[in-house]
Amino acid sequence: MLEIKNLHARIAEDGSEILRGIDLTVNPGEIHAIMGPNGSGKSTLSYILAGKEDYEITEGEILFNGENLLEMEPDERAAAGVFLAFQYPIEIPGVATMEFLKTAINAQRKARGEDALSIPDFMKLVKAKSADLNVTMDMLKRPLNVGFSGGEKKRAEILQMALLEPKLCVLDETDSGLDIDALRIVSEGVNKLRSPDRSMIVITHYQRLLDHIVPDVVHVLSKGKIVKTGGKELALELEKNGYADYTGAAA
Amino acid sequence: MTTPINLTQAETGLVDRFDAARTGLAGSDAVAALRASAAGQIKAKGLPHRRVEEYKYSDLRAFLKSAAPLAAAVSVDEAKAALGAADMLGELDRYRIVIANGSYVAELSDVAALEAEGVSLADFNAALAGDKGAALLAQPKSAGTDGVLALNTAFVQGGVVLSVKAGAEVSKPVELVQIAVSEGAQVTRCRVELGEGAKLRLVETFAGKAGAGETNAVFDYDVADKAHLATTRLMISEGAGAVLATTLSRIGAKAELKTLCFIAGPDFTRNQQFVAFAGENSEAKIYGVTLARGKALADQTLIVDHAVPHCNSREFFKTVLDDDARGVYQGRINVAQHAQKTDGEMMTQALLLSEGAEMANKPELEIFADDVICAHGATCGEIDEDLLFYLRARGIPLEEAKTLLVLAFLSEAIEEFAEEDVTEILEQRVRDWLAAK
């Protein structure tokens with residue numbers, strides 16, 4: 001599904017190096033958790049996967065189902081099946097949520113050579129998926145993310161994910177800003193999307209999220225490199241001992 | 001005391017045009033005197049130019065290279081044919097009043113249906129010939145010796161007087177369409193009078209091609225006590241001409257005026273408004289949506305006179321510029337010394353889609369009262385990269401994402417204007433403009 005080979009990247013504007021040789025292979029159906037302290041490069045990795053232009057790749061490559069991901073535009077990546085659930089979903093005043101969802105779904109369908117969804121089919125789909133995530137009609141009537149609470153924004157992100165049915169889901173600190181109930185709703189939404197042909201990369205600081213979304217593999221990212229890889233028990237160990245062992249190890 | 005100036009070719013042409021046309025122009029002796037005086041102003045001062053404060057960013061003298069003759073009168077059939085080819089409002093269910101090549105065409109206007117709704121129509125030229133003709137050319141103090149108004153007064157070819165009787169609420173919007181059937185300057189003046197408690201929704205459109213001559217249209221609104229007037233002006237036309245519109249508004253007590261002027265015009269477009277509160281507890285909501293590309297200049301200029309206490313005004317203007325286009329917003333709220341409890345809020349926002357685009361934002365407050373709430377603001381920026389990335393990360397291609405964001409930016413004004421009849425028409429116009437790139 002995804003192969004990252006020796007990826008080096010820096011911030012285009014000031015040249016500071018963030019990623020220093022990442023190797024990561026994610027097979028279909030697997031859930032990989034990436035944990036690490038602040039500033040280790042977790043969010044940068046997620047942005048680079050989605051195609052944000054603020055970074056410069058200095059070395060390495062990313063293959064997505066055999067294709068060179070780095071040569072694709074952000075919208076092409078999305079149509080190919082990459083989805084980033086943003087850590088801070090952006091408010092867009094003046095863009096109605098429903099209009100946005102319809103535009104996004106149909107743009108992806110068009111890119112894949114499929115017919116646009118009819119309005120009744122679209123409405124039916126949104127109604128079914130939003131009920132699971134406790135996303136109300138009232139939220140859907142508002143401009144995109146405007147006036148949403150932190151939890152509402154995260155639920156709306158997962159709703160988008162459920163509607164767009166991506167092949168690779170990248171969840172960037174989806175647990176941040178969530179209370180216990182919201183965490184449960186969001187995690188259930190994510191778990192519903194688990195399937196043998198869908199992979200996920202779950203980025204988080206805390207082991208708590210991984211109680212709900214149980215990973216197959218856990219990686220520790222520190223100073224732009226993966227310094228340790230293990231099973232789900234690695235997350236528990238980190239929760240107990242902190243990152244000190246690894247930040248030291250990488251230095 | 002005026003020093004004689006060297007007239008440009010266009011200015012000399014305008015003076016000659018007046019001499020050639022004056023005997024054929026409508027009006028009483030008093031009107032003829034006003035026309036001559038206005039033409040004298042052109043001869044003495046020329047066209048408004050960049051050293052005239054109000055035209056600093058919109059130099060009409062530099063733009064107008066020559067003066068075309070006034071557009072010739074056309075037959076009803078010619079006007080009808082041209083109108084059929086240039087429908088600006090599509091399916092909108094409305095009444096229509098037609099002005100073709102500067103003259104009112106009663107035969108193509110819904111005279112009887114409007115009469116039944118309490119709206120009477122009269123030819124502006126017939127009114128100009130009457131005892132009160134000169135009063136029809138009166139202008140507010142805040143307009144000073146405005147050059148565009150002077151051009152209009154000198155040359156006005158015709159127009160309509162629309163009166164809504166007290167208490168009448170017109171059930172459908174009324175389109176006042178001005179169509180350029182052939183080349184030549186089109187100079188019109190329309191008076192819109194609302195009786196006490198009357199309600200009217202007006203849509204003013206310009207159709208046909210802006211050719212060699214200038215289009216100069218004045219709209220004079222008189223909104224009586226408790227009346228409501230909502231007007232949408234579409235300054236959308238093709239071609240390379242100058243399109244100039246002036247609004248003069250007088251608002252009575254407990255009344256409401258709401259306007260939106262949409263500009264997606266040819267090379268030189270100016271919409272200027274002089275709004276005056278004449279009665280207490282009234283409200284004016286003035287909106288503007290401007291789109292310009294190429295080398296076009298689009299100017300929204302506005303003076304709101306809070307001459308009496310307890311009135312609210314809201315001014316909200318949005319501008320989108322591409323290529324080497326220039327946008328101008330000049331807005332001033334005047335609050336007289338005794339106009340206490342005035343509430344005024346003015347905002348102008350511009351979105352620049354290219355490096356070469358340029359916006360001049362000039363919001364001003366002039367306040368002599370001491371118990372008022374007044375605010376103004378101006379912003380100018382590019383499309384937010386983070387918003388664009390978010391949309392693209394969901395699979396929306398670049399151009400479509402930009403369209404969504406430009407529409408979102410402009411929709412704030414269009415939706416706050418909240419005239420449902422025209423919301424979809426305006427948003428479609430924005431999409432068309434973006435797609436025409």
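## A tour of the salt bridges and cores

Begin by selecting A:E91, which is partly exposed with a relative accessible area of 35%, in what is a predicted model. Add its partner A:K153, with which A:E91 forms a salt bridge whose closest N and O atoms are 3.1 Å apart. A:K153 is buried, its relative accessible area being 17%. The two residues come from distant parts of the chain, 62 residues apart, with A:K153 in helix α6 of chain A and A:E91 in the loop between β6 and β7 (92-96) of chain A.

Next, move to A:K154, which is found in helix α6 (residues 150-164) of chain A. This lysine is buried yet has no salt bridge, since the nearest side chain of opposite charge, that of A:D175, is 6.3 Å away, whereas a salt bridge requires a side-chain nitrogen within 4 Å of a carboxyl oxygen. Leaving aside neighbours within four places in sequence, A:K154 is in contact with residues including A:F86, A:Q87, A:P89 and A:E173.

Before leaving chain A, colour it by pLDDT: the chain averages 92, and 98% of the residues score at least 70. Among the elements of chain A, strand β6 (residues 82-85) has the highest mean pLDDT, 97, and helix α10 (residues 244-250) the lowest, 67. Where pLDDT is low, the predicted coordinates should not be read in detail.

Now select A:L2, which together with B:F262 has the most contacts inside the largest nonpolar core, a set of 131 residues. Helix α9 (residues 398-417) of chain B gives the most to this core, with 11 residues, and the core draws at least three residues from each of domain 1 (9-279) and domain 2 (385-436) of chain B. Apart from it lies another core, of 60 residues, among them B:A168, B:V243, B:F317 and B:A357.

Turn then to the two domains of chain B, whose centres, taken over C-alpha atoms, are separated by 31 Å. The contact between them takes 16 residues from domain 1 and 12 residues from domain 2.

Finally, select B:R201 and B:D421, whose side chains meet in a salt bridge (2.3 Å, N to O). B:R201 lies in strand β7 (residues 199-210) of chain B and B:D421 in helix α10 (residues 420-435) of chain B, so the pair ties together parts that are 220 residues apart in sequence. B:R201 is partly exposed at a relative accessible area of 24%, and B:D421 is likewise partly exposed, at 28%. A last selection of B:R191, B:E193, B:D220, B:D222 and B:R250 shows residues linked in a network of salt bridges.

Terms used:
Residues are numbered from 1 along each chain as its sequence is written. Chains are lettered from A and ligands numbered from 1 in the order in which they are written. This is a predicted model: local features need pLDDT of at least 70, side-chain atom pairs count only at pLDDT 80 or more; totals for chains, interfaces and linings use all residues. Side-chain values use heavy atoms; hydrogens and water are left out. A nonpolar core is a set of buried Ala, Val, Leu, Ile, Met, Phe, Trp, Tyr and Cys residues joined through side-chain atoms within 4.5 Å. Buried means under 20% relative accessible area, exposed over 50%, partly exposed in between (1.4 Å probe, protein chains only). Helices (H or I, at least four residues) and strands (E, at least two) are DSSP runs, numbered from the N terminus. Domain bounds come from an automatic or database domain assignment. Lys and Arg count as positive and Asp and Glu as negative; His and the chain ends are not counted. Contact means heavy atoms within 4.5 Å. pLDDT is the predictor's confidence in each residue, from 0 to 100.
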